[in-house]
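Got your viewer open and a selection box ready? Let's take a walk through this one, stop by stop.

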Amino acid sequence: MKHRIPFFLNYLLIISLFFSCKIGPDPEQELEIIEDEVEILPPGELYGELFYDVQTKEIFKDSKTFVDVVPEYNVGLIRQRYNMLKDTTTEGITDFVEQHFSIPGNDFEFETDSSSINSHIKNLWQVLKRPADERISGTLLPLPNPYIVPGGRFREIYYWDSYFTMLGLQEDGEIETIQNMVDNFAYLINEYGFIPNGNRTYYLGRSQPPFFAMMVQVLATSKGEQVYAKYLPELEREYNFWMDGASQLNQEKTHRRVVKMQDGEILNRYWDDKATPRPESYREDVATAESAIADNPELTKEEVYRNLRAGAESGWDFSSRWLNKNEAGEFDLSSIHTTHIVPVDLNSLMYNLENIIAKAAEISGDSEKSEKFNQKAQSRKNAILKYHWNNEKGYFMDYNFKKGEQTERLSLAGVYPLFFEIASAQQADLVSEKIEEVFLKPGGVVTTPYNTGQQWDAPNGWAPLQWLTIKGLQSYNKNKLAEKISSGWLKLNKDVYGRTYKMLEKYNVEDLTKESGGGEYPTQDGFGWTNGVYQKLSSEE
């Protein structure tokens with residue numbers, strides 16, 4: 001989808017650029033005769049060598065900054081100008097970028113005040129709300145309705161974040177905002193065949209944990225059960241995306257996001273259709289791949305990039321769940337092997353998606369389809385219990401299908417079978433004991449018990465995992481432990497807010513005097529899913 005510049009205008013422009021590009025031509029004047037070139041391309045293709053030079057020369061500290069810039073005018077013309085630029089020093093490139101792009105900053109600044117935390121969050125919805133997009137702008141994929149972004153460096157919608165954000169929107173009566181966001185996700189499914197990680201061109205290779213069915217459920221609780229029937233086509237398209245290739249698995253054991261297990265069951269894994277460095281983490285991924293190959297020459301860079309991207313699709317970017325230990329006994333990011341793992345959380349979400357499709361089909365009057373998906377859900381439940389339950393540990397684990405064994409990594413992904421009521425009562429008893437023994441900390445529950453330097457490990461706690469753990473325990477009447485987790489988490493949020501007037505992306509739940517850390521970027525404030533979970537949990541006190 002693009003507008004092309006007439007040939008004779010291009011010819012005249014190139015001639016004029018030869019003489020003028022070094023002295024700073026007036027872009028406004030050129031806009032009078034040039035239409036914008038509008039393309040759905042990732043940054044490397046959109047900006048060419050400029051992208052690689054900006055990222056490798058570290059023009060911006062955060063690799064995500066440049067991929068989110070907005071071109072001031074025609075991208076083709078900007079590329080031409082850059083190809084003719086003589087000063088390609090760091091300073092020269094910096095000046096060029098500043099002249100030709102609008103550079104994103106923190107557009108979430110707002111005046112702090114001493115209002116209650118609930119009032120603060122309610123006011124934040126308007127700060128974090130973005131209007132419907134009119135057009136493609138740089139890498140931003142336009143959405144037809146207003147939406148909520150997480151905050152900080154996250155200037156676009158994020159798929160699984162949005163479900164937890166909706167919990168708070170529902171509590172604050174923002175039902176039409178929820179409707180708009182569900183419609184946006186339905187639009188993405190219909191436009192691209194799936195819901196990308198976020199509405200950016202550089203996210204078009206991957207999705208995120210499939211929470212769309214849960215969003216439909218939230219909307220249905222406010223607007224009635226016909227909501228399920230309305231979104232049945234999109235629910236099925238999402239399912240088909242995740243199950244693509246399942247019917248063709250024969251000698252081949254995997255295809256994209258499906259895995260044929262040793263006894264013939266079909267389960268899911270995280271994946272990405274691209275095997276290149278993530279544009280938003282370009283330098284980091286190149287360095288990780290180089291380190292990985294140095295440690296294991298049999299690896300290819302493409303394998304490393306694919307596994308990093310698949311880790312990003314999981315939402316747990318990054319975690320000991322996807323890593324091996326090195327000779328020093330430390331978890332090393334260069335050992336990442338996400339695509340080898342059949343995750344318990346993803347398959348629990350797929351079980352829920354199958355159940356929701358069955359319900360939507362029943363409401364739509366299609367009993368045959370409803371029965372078909374009920375059977376699929378039951379088969380998946382049996383497979384989850386078979387491959388993910390570890391009776392010795394008393395916990396649900398991820399499964400490494402390459403090795404034919406569980407990873408034995410403890411993580412809060414193991415609470416998903418409680419949240420979706422897949423576990424037996426006896427299993428729930430054992431999981432509850434493990435949560436209290438291993439995961440419970442003063443500020444809630446810790447993501448994993450391993451301190452690796454990755455953000456989805458100790459000592460960090462995250463709002464979505466608090467919610468899933470609390471609700472999972474409540475589903476099996478483990479109310480005392482659920483209350484302990486909830487009160488610890490809410491108190492931590494409230495105490496940090498009292499000191500900073502900020503809601504944070506993640507928290508240190510072990511040492512309440514310290515900030516969270518780890519990962520590829522500093523802890524962000526805003527923050528969509530923390531706000532949503534806080535509003536919902538605090539309303540239940």
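What follows is a tour of a predicted model, going from its enclosed spaces to a pocket, some helix pairs, a sheet and a few backbone oddities.

**Stop 1: the cavities**

How many cavities of 30 Å³ or more are there? The count comes to two. For the largest, select F154, Y158, Q208, D317 and Y521: among its 25 lining residues, these lie nearest the centre. The space inside is about 310 Å³. Colour the lining by class and you should get ten nonpolar, six polar and nine charged residues.

Keep Y158 selected, as this residue also appears in the lining of the second largest cavity. Add I148, V149, P150, D161, S162, T165, M181 and G528 to complete that lining. Here the space is about 30 Å³. Now show helix α9, residues 159–171: α9 supplies the largest share of this lining, with three residues. By class, the lining has five nonpolar residues, three polar ones and one charged.

**Stop 2: the largest pocket**

Next, select L299, N307, I336, H337 and H340. Of the 23 residues that line the largest pocket, these are the closest to its centre. The pocket holds about 440 Å³ of space. Its lining divides into six nonpolar, ten polar and seven charged residues.

Which elements should you switch on around the pocket, with at least two lining residues each? Try α14 (282–295), α15 (301–313) and β8 (324–325). The biggest contributor is α15, with four residues.

**Stop 3: two helix pairs**

Leave α14 and α15 on screen. Two packed helices are described by the angle between their axes and the distance between the axes. For this pair, the axes come within 9 Å and cross at roughly 130°. That angle makes α14 oblique to α15, and the crossing is right-handed.

Now swap to α20 (463–475) and α21 (479–500), whose axes come within 8 Å and cross at roughly 160°. Why is this pair called roughly antiparallel? Angles over 145 degrees count as such, so at roughly 160° α20 is roughly antiparallel to α21. The crossing in this pair is left-handed.

**Stop 4: a three-stranded sheet**

Switch to cartoon and pick out β10, β13 and β14. They form an open sheet in that order, with antiparallel pairing. The edges belong to β10 (341–342) and β14 (405–406); each has a single partner strand, so one side of each is left without a neighbour in the sheet.

Zoom in on β13, residues 399–400, which is joined to β14 by two bridges. Select N400 and look across to E405, its bridge partner in β14.

**Stop 5: backbone oddities**

Most residues other than glycine have a negative phi, and most peptide bonds are trans. Here are some exceptions to click on:

- D317 and F318 are joined by a cis peptide bond, with omega about 5°. F318 sits in the loop between α15 and β8, while D317 is one of the residues nearest the centre of the largest cavity.
- A458 and P459 are also joined by a cis peptide bond, with omega about 10°. Look for P459 in the loop between β16 (444–445) and β17 (460–462).
- E58 has a phi near 55°, a positive value in a residue other than glycine. Its place is in the loop between α4 (49–56) and α5 (63–67).

Methods:
Residues numbered from 1 in each chain as written. Predicted model: local features only at pLDDT ≥ 70, side-chain atom pairs only at ≥ 80, totals over all residues. Heavy atoms only, no water. Pairing = 2+ DSSP bridges. 1 Å grid on protein atoms, 1.4 Å probe; cavity = no way out; pocket = protein on both sides within 12 Å on 5 of 7 lines; lining within 4 Å. Points joined across faces, edges and corners; volume = space filled by probe spheres on them. Nonpolar A, V, L, I, M, F, W, Y, C, P; charged D, E, K, R; others polar. Axes fitted to C-alpha atoms, helices over the stretch in contact; angles between N-to-C directions. Parallel < 35°, antiparallel > 145°, perpendicular 65-115°, else oblique. Left-handed = near helix turned anticlockwise from the far one by under 90°.
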